[in-house]
Amino acid sequence: MLLPDGTPSHGVPRYPDGTPARGVPQVRGGHPEQREAGGGWGDLRGRQAGATGQPLIPRQRPVPPQGPRPGPRQEYLDAFEPGADDVFTRAGRPFTPTRASDSYAGGLYGGDLHRGGLHQGDPYGGGLSSPDGDGADDDAPPTGAPADGRSAKGRTFTGIAAAAVTTVLAVVVAGQVTVGRDDDRVQSQSAAGKAAGGALESAAPSPSTSASPAPVTLTYEQKMDTKYTLDAKLKGSGKFDAIPGIAKAPGKGQKFTYRVDVEQGLGLDGELFAQAVQKTLNDDRSWAHGNARTFERIHSGQPDFVITLASPGTTAFWCDKSGLDTTEDNVSCDSAATERVMINAYRWAQGSRTYGDAIHAYRQMLINHEVGHRLGKHHENCQKDGDLAPVMQQQTKFLDRNGIHCLPNPWPYPQG
């Protein structure tokens, strides 16, 4: 329903000629929106003004197939706000149209960075295409005088280009810094190695330091001076191993042959024991004194006696065969009813209170005392205070007797 002046009762007031009272709505930087049924944009080319009287502005001007391209129509320019930045200028100079491929070949990613870009005051190159990217209008030559500054639209695309260039430069610089740091790290490690006197080379041990230390070989004297661990109540298997080899008698006196047996599982050095027997018996302070006797070790045949190193339990077993009790003081014996002269392995390993740390001399006394029984010698005691105890005294048990204090002595003929 219309009012008498032609204005709809519910709508936009119009002038008598039908023009809306508030003029044609405009959109800054774009085109008036006109829609058709179905939601598509209408074809504005060749259309006349409608009943409303609104001017129709074509979206773009057809591009002539040949010849110079005219500038934008005045009504197109008039669609923008007065005083707005000229969208056809860039950084205060006329926009130079380029080929579509120039945006990569000669612009941001091409040679324009040096030819017309970074080295000529424009950090974004001179070959960028129009930011609007609308095809034919982008290639149109500029019209009018260049405006100062940049439009909001130009600044937006300029910012995008700046961000792209900044990103590329940042990646390049970061790569160079990373490589530089890696190089510095390698150089620092190399310098550190040199400063430390060639630490890299010194990581490999030199022949003088890499070789394991040679095993220390103890001398006979050192071994005889060493005590060994053995349980005072140990009872072994009762099985023996004869020490192989022969040790010839060194003297010219009456020869006695003997074999050395060592009970299995003692963990003691049987060779050392055999060596000690041969050295001790043939010492001039021993029973070989004055070439009266000489002793030879054999490992087969029938010896005159078998000197046996055995556990306390096995020693007691063989001594009992001859009616001798060795369990009370854990001592040795000559089992005269058998071929065996028994040396208690606990005493051989640990010695006695009477000899203290003089374990070497104590072992010599054990051999001489028990072999002395095999040669027919009986127990004796010290008769004078301060004298050397006779070798046939039970020195494992005591050195003091009846108020007489005697000194330990391992030899029958200590003066030689």
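**Exercise 1. Place proline 244 and describe its surroundings.**

Start with the chain: proline 244 sits in the loop that runs between β3 (240-242) and β4 (254-263). Helices (H or I, at least four residues) and strands (E, at least two) are DSSP runs, numbered from the N terminus. Before going on, note that this is a predicted model, where local features need pLDDT of at least 70, side-chain atom pairs count only at pLDDT 80 or more, and totals for chains, interfaces and linings use all residues. Residues are numbered from 1 along each chain as its sequence is written, and side-chain values use heavy atoms, with hydrogens and water left out.

Next, is proline 244 buried or exposed? Its relative accessible area is 53%, so proline 244 is exposed. Here buried means under 20% relative accessible area, exposed over 50%, and partly exposed in between (1.4 Å probe, protein chains only).

Finally, look for contacts (heavy atoms within 4.5 Å). Leaving aside residues up to four places away in sequence, proline 244 touches Glu271, Arg297 and His299. The C-alpha atoms of proline 244 and histidine 299 are separated by 5.5 Å, although these residues are 55 apart along the chain.

**Exercise 2. Find the disulfides and say what each one ties together.**

Searching the whole structure for disulfides (pairs of cysteine sulfur atoms within 2.5 Å) gives two.

Take cysteine 319 and cysteine 333, joined with an S to S distance of 1.8 Å. Cysteine 319 belongs to helix α9 (residues 312-320) and cysteine 333 to strand β7 (residues 333-334), so this pair ties together parts that are 14 residues apart in sequence. The torsion about their S-S bond is about -105°, so the disulfide is left-handed. Both cysteine 319 and cysteine 333 are buried.

Now turn to cysteine 382 and cysteine 406, whose sulfur atoms are 1.9 Å apart. Cysteine 382 lies in the loop between α11 (359-374) and β9 (400-401), and cysteine 406 in the segment after β10 (404-405), so the pair ties together parts that are 24 residues apart in sequence. With a torsion of about -115° about the S-S bond of cysteine 382 and cysteine 406, the disulfide is left-handed. Cysteine 382 is buried at 9% relative accessibility, and cysteine 406 is buried at 1%.

**Exercise 3. Compare the settings of asparagine 330 and asparagine 402.**

Asparagine 330 is not a glycine, yet has a positive phi of about 55°. This residue is in the loop between α9 and β7, and asparagine 330 counts as buried at 13% relative accessibility.

Asparagine 402 also has a positive phi of about 55° without being a glycine. Its loop is between β9 and β10, and asparagine 402 counts as exposed at 75% relative accessibility.
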